[in-house]
Amino acid sequence: NLKPPSEWRPGLSYDDLVAEMDEAVRTPGVANIWRMPIQNRLEMLLTGMRTPVGVKVFGPDLEELERIGVEIEGILRELPRTRSAVAERGVSGFYLDVEVDRAAAARHGLNVQEVQRALSTAVGGSMATQTVEGLERYGVLVRYPRELRQSVEAMEALRVSTPNGAQIPLGQLATVRPAQGPMAVRTEQGFPLSSVFVDVEGGDLGGYVEEARAHVEERMALPAGYTLEWAGEFEAMERVRERMQLVIPLTLLIIFLLLYLHFRNVPEVLIVMTTLPFALVGGFWLLWLLGYNTSVAVWVGFIALAGVAAEIGVVMLVYLDGEYRKRLEAGGGRLSPAEIGDVALTAATTRVRPVVMTVITTIGGLMPLMWASGAGAATMKRIAAPMIGGLVTAMVLALVVIPIIYTLWRGWQQRTPETVGEA
């Protein structure tokens with residue numbers, strides 16, 4: 001539970017605070033994972049990992065899985081952005097294995113099931129009866145006292161009844177030995193699984209995973225039959241990246257179709273589309289200045305910015321076309337390069353106030369998001385930042401770049417005789 005940021009020391013960021021706490025809280029044998037509780041639980045439900053990044057190791061042998069996991073743990077700790085790396089220790093439980101000698105049991109008229117039932121009754125107990133106390137009912141469990149079942153020697157001395165009534169010690173019917181094994185066996189996709197949990201400094205999980213994957217592949221070779229799979233929060237980012245590869249081209253295609261339906265002129269549509277990257281430059285600059293990484297919220301902001309920038313470009317082109325056609329009719333169907341330049345200058349200066357008002361009002365509406373705090377503020381800032389930065393360059397685009405490109409296009413068109421009539 002953190003105090004409000006207004007009560008923090010001057011210049012202290014969240015990452016600095018986590019770094020200081022991680023340095024102060026060091027416990028041998030325990031690794032720190034600095035996550036908000038609700039965030040940690042949601043990620044565990046969604047990804048199965050307690051940390052932002054994890055490595056899943058699949059293979060047939062549990063001991064080999066543990067060895068590979070420990071080796072990966074050591075390799076990942078070499079990376080500068082690794083805050084902690086912990087591999088699961090699968091072989092950590094102590095058990096008592098009882099292996100029935102089938103031949104010895106058969107000589108006494110017993111089978112494996114009967115020996116196991118006697119062992120289960122002696123150690124685990126069996127329900128003998130039920131006691132009724134008013135409305136309450138309690139089962140009565142009968143089993144050997146603790147001193148007769150707490151060591152290997154005591155277990156070997158347990159008596160097993162034979163069909164003829166004889167009492168045979170368990171040690172004559174089975175081999176009893178202590179063993180070490182896994183407390184739990186996790187499986188996924190039909191294979192045993194061991195995980196390595198990694199906590200990362202900074203928010204660029206995709207970049208970290210790429211670096212870590214290359215480092216692991218360089219430092220170790222997996223035995224045959226074993227595979228690695230990187231998991232965690234970054235999986236959502238990869239799924240979004242795949243969707244964005246479809247959504248962004250589709251968005252640009254829709255903008256292109258809408259512009260064509262408005263202008264009915266491919267060159268003017270291309271003027272707007274080819275200048276859109278210039279409008280997005282301001283968004284990237286502001287993201288760099290604020291230190292934001294790309295995310296779903298950032299790309300949502302860029303998609304919205306592309307629509308607003310295209311809208312501002314349409315407003316400018318409409319007035320450029322109107323002024324051009326008016327001058328073309330007055331000039332007898334042909335204009336000189338100087339006249340075309342004057343057309344662009346006149347139309348652009350006429351549209352300065354509407355374009356600037358559009359940009360300023362939009363930025364003014366988004367600025368409260370940049371100094372907001374509380375739940376959801378981080379996401380909203382990353383949506384607003386590309387739009388605020390991009391609208392500044394979109395304004396320059398509309399007032400300077402588009403009129404210049406329009407002048408060059410119309411000048412080329414006037415120099416081409418077959419296009420004069422179309423103009």
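Colour the protein chain by secondary structure: 13 helices and 11 strands appear. Both are DSSP runs, numbered from the N terminus, with at least four residues (H or I) for a helix and at least two (E) for a strand. The model is predicted, so local features need pLDDT of at least 70 and side-chain atom pairs pLDDT 80 or more, while totals for chains, interfaces and linings use all residues. Residues are numbered from 1 along each chain as its sequence is written, and side-chain values use heavy atoms, without hydrogens and water.

**Whole chain**

Zoom out. The C-alpha trace spans about 125 × 55 × 55 Å along its principal axes. The radius of gyration is 37 Å, against near 22 Å for a compact globule of 423 residues. That radius is taken over C-alpha atoms, and the globule rule is 2.2 Å times the number of residues to the power 0.38.

Now show the surface. The accessible surface of the protein chain is about 24600 Å², and carbon and sulfur atoms hold 59% of that area. The areas come from the Shrake-Rupley method with a 1.4 Å probe; for residues, only the protein chains shown count as cover. Of the 423 residues, 36% count as buried. Buried means under 20% relative accessible area, exposed means over 50%, and partly exposed lies in between (1.4 Å probe, protein chains only).

Turn on contacts, meaning heavy atoms within 4.5 Å. Among contacts with a separation of 6 or more, 69% join residues 24 or more positions apart.

**Stop 1: Leu 170**

Select Leu 170, in the loop between strand E7 (167–169) and E8. Its relative accessibility is 2%, so Leu 170 counts as buried. Leaving out residues up to four places away in sequence, Leu 170 touches Val 115, Leu 119, Met 155, Glu 156, Leu 158, Val 160 and Val 176. Add a distance to Leu 119: the C-alpha atoms are 8.2 Å apart, across 51 residues of sequence.

**Stop 2: Gln 180**

Move on to Gln 180 in strand E8 (residues 174–182). Gln 180 is partly exposed, at 47% relative accessibility. Draw a line to Ser 295. The two are 115 residues apart in sequence and 46 Å apart in space, C-alpha to C-alpha.

**Stop 3: the aromatic cluster**

Select Phe 284, Trp 299 and Phe 302, which form one aromatic cluster. A search of the whole structure finds 2 aromatic pairs. In the pair Trp 299 and Phe 302, the ring centres are 5.7 Å apart and the planes stand at 50°, so the pair is tilted. Rings of Phe, Tyr and Trp (its six-membered ring) pair if their centres lie within 6.5 Å; planes under 30 degrees apart are stacked, over 60 edge-to-face, and the rest tilted.

Trp 299 and Phe 302 sit 3 residues apart in helix H10 (residues 296–330), about one helical turn. Is each one buried or partly exposed? Trp 299 is partly exposed at 29%. Phe 302 is buried at 5%.

**Stop 4: Leu 328**

Stay in helix H10 and select Leu 328. Leu 328 is buried, with a relative accessible area of 10%. Glu 339 is 11 residues away in sequence and 9.6 Å away in space, C-alpha to C-alpha.

**Stop 5: Ile 360**

Finish at Ile 360 in helix H12 (residues 352–370). At 55% relative accessibility, Ile 360 counts as exposed. Met 395 is 35 residues from Ile 360 in sequence; the C-alpha atoms are 9.7 Å apart.
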